[in-house]
Amino acid sequence: MYSVPMALADFIPVLLFGAAAMILQRDLYNKMTKGMFALFCTGTINVFLAGFLKAVYKLLFAAGVCDFQRLNHLFFPLQAIGFVLAGMGLACLHARERKKERLLSVAAPAVFSGTFLFVALMILGLLGMDLSLAAFAKKLKKPLAAALFLVSFVFCLAMGYLSSRDFTQASMNWIAEGVNILGQGSLLAGVRMLDRAGLQAYNAAEKAE
């Protein structure tokens, strides 16, 4: 089902997302309240860990080391909760809900074999993230960046569809890898455009007002 080259390729979108998350954490730190940043930072770390652990699982399986199913089972709950938290952080920032300084307590859903709930949570979290980033791109007059965030969201939706297909076929795995790389690559490209357009300075100046 998995080959070593395919497992190694799975680390690429993970690293692309990690790079985008680090840039955003740096640029948005002075803009967010502590609660908002905690939500966003915790969420993006969860998403990164989910992808990294899934890639490690594939590599261990492909190399014939072991079939560590617990790593595989962590993927959906970790990523779903991560996208929800990150999306909440960015959505709150965009909505400027600064009067609500108290952090909402978020209870993690119990891990179970079904994936529908986690897929729904990921879509909602992704939508919140990408729409918020697109809104910042509009303020910074970077329409291409806004388009890239929407493209990234579409590719992530495509990944959700592909996850329901027959992944015992190597061709489907490679298609999914390609779609995932394009989606995370679009996210990183859009984030870099915002960074170069002065997102960090824009945020600092706005917070000082």
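The paragraphs below go through a predicted model, from its nonpolar core to its salt bridges and surface.

The largest nonpolar core is a good place to begin. This core has 35 residues, and those with the most contacts inside it are Leu-28, Met-32, Leu-90, Phe-149 and Leu-194. Six helices each give two or more residues to the core: α2 (11-28), α3 (34-62), α5 (75-95), α6 (116-139), α7 (143-162) and α8 (170-196). Of these, α6 gives the most, with seven residues.

Phe-149 shows how one core residue is surrounded. With its neighbours within four places in sequence set aside, Phe-149 is in contact with Asp-130, Leu-133, Ala-134 and Ala-137, and also with Leu-187, Gly-190, Val-191 and Leu-194. Leu-194 in that list is, like Phe-149, among the residues with the most contacts inside the core.

Two of the Phe-149 partners, Leu-187 and Val-191, also touch Ala-20. Ala-20 lies in helix α2 and has a relative accessibility of 1%, so it counts as buried. Beyond its sequence neighbours within four places, Ala-20 is in contact with Leu-187, Leu-188 and Val-191. Ala-20 and Leu-187 are 167 residues apart along the chain, yet their C-alpha atoms are separated by 6.8 Å.

Helix α8 itself has 27 residues. From its first C-alpha to its last it reaches 39 Å, close to the 39 Å expected at 1.5 Å a residue. Just after α8, Gly-198 takes a positive phi of about 95 degrees.

The next topic is charge pairing. The whole structure holds four salt bridges. Arg-26 takes part in a salt bridge with Asp-195, in which the closest N and O atoms are 2.6 Å apart. Because Asp-195 lies in helix α8 and Arg-26 in helix α2, this pair ties together parts that are 169 residues apart in sequence. Arg-26 also meets the side chain of Asp-27 in a salt bridge, at 3.2 Å from N to O.

The surroundings of these residues can be read from their accessibility. Buried means under 20% relative accessible area. Asp-27 has a relative accessible area of 0% and is therefore buried. Arg-26, at 42% relative accessibility, counts as partly exposed, and so does Asp-195, at 25%.

Which residue forms a salt bridge with Lys-58 at 3.5 Å between the closest N and O atoms? The partner is Glu-177. This pair links distant parts of the chain, with Glu-177 in helix α8 and Lys-58 in helix α3, 119 residues apart. Are Glu-177 and Lys-58 buried or exposed? Glu-177 has a relative accessibility of 4%, so it counts as buried. Lys-58 has a relative accessibility of 8%, so it counts as buried too. Salt bridges that share partners join Asp-10, Lys-58 and Glu-177 into one network.

The last stop is a nonpolar patch on the surface. Leu-127, Leu-131 and Leu-150 make this patch, which has an area of about 250 Å². Leu-131 is found in helix α6, the helix that gives the most residues to the core. With a relative accessible area of 46%, Leu-131 is partly exposed.

Definitions and conventions. Residues numbered from 1 in each chain as written. Predicted model: local features only at pLDDT ≥ 70, side-chain atom pairs only at ≥ 80, totals over all residues. Heavy atoms only, no water. Core = buried A, V, L, I, M, F, W, Y, C linked by side-chain atoms within 4.5 Å. Buried < 20%, exposed > 50% of the residue type's maximum accessible area, 1.4 Å probe, protein only. Helix = DSSP H or I, 4+ residues; strand = E, 2+ residues; numbered from the N terminus. Contact = heavy atoms within 4.5 Å. Patch = residues over 30% accessible without salt bridge, like charges linked within 9 Å, V, L, I, M, F, W, Y side chains within 5 Å. Areas by Shrake-Rupley, 256 points an atom, 1.4 Å probe, with all protein chains shown as cover. Expected span 1.5 Å × (residues − 1).
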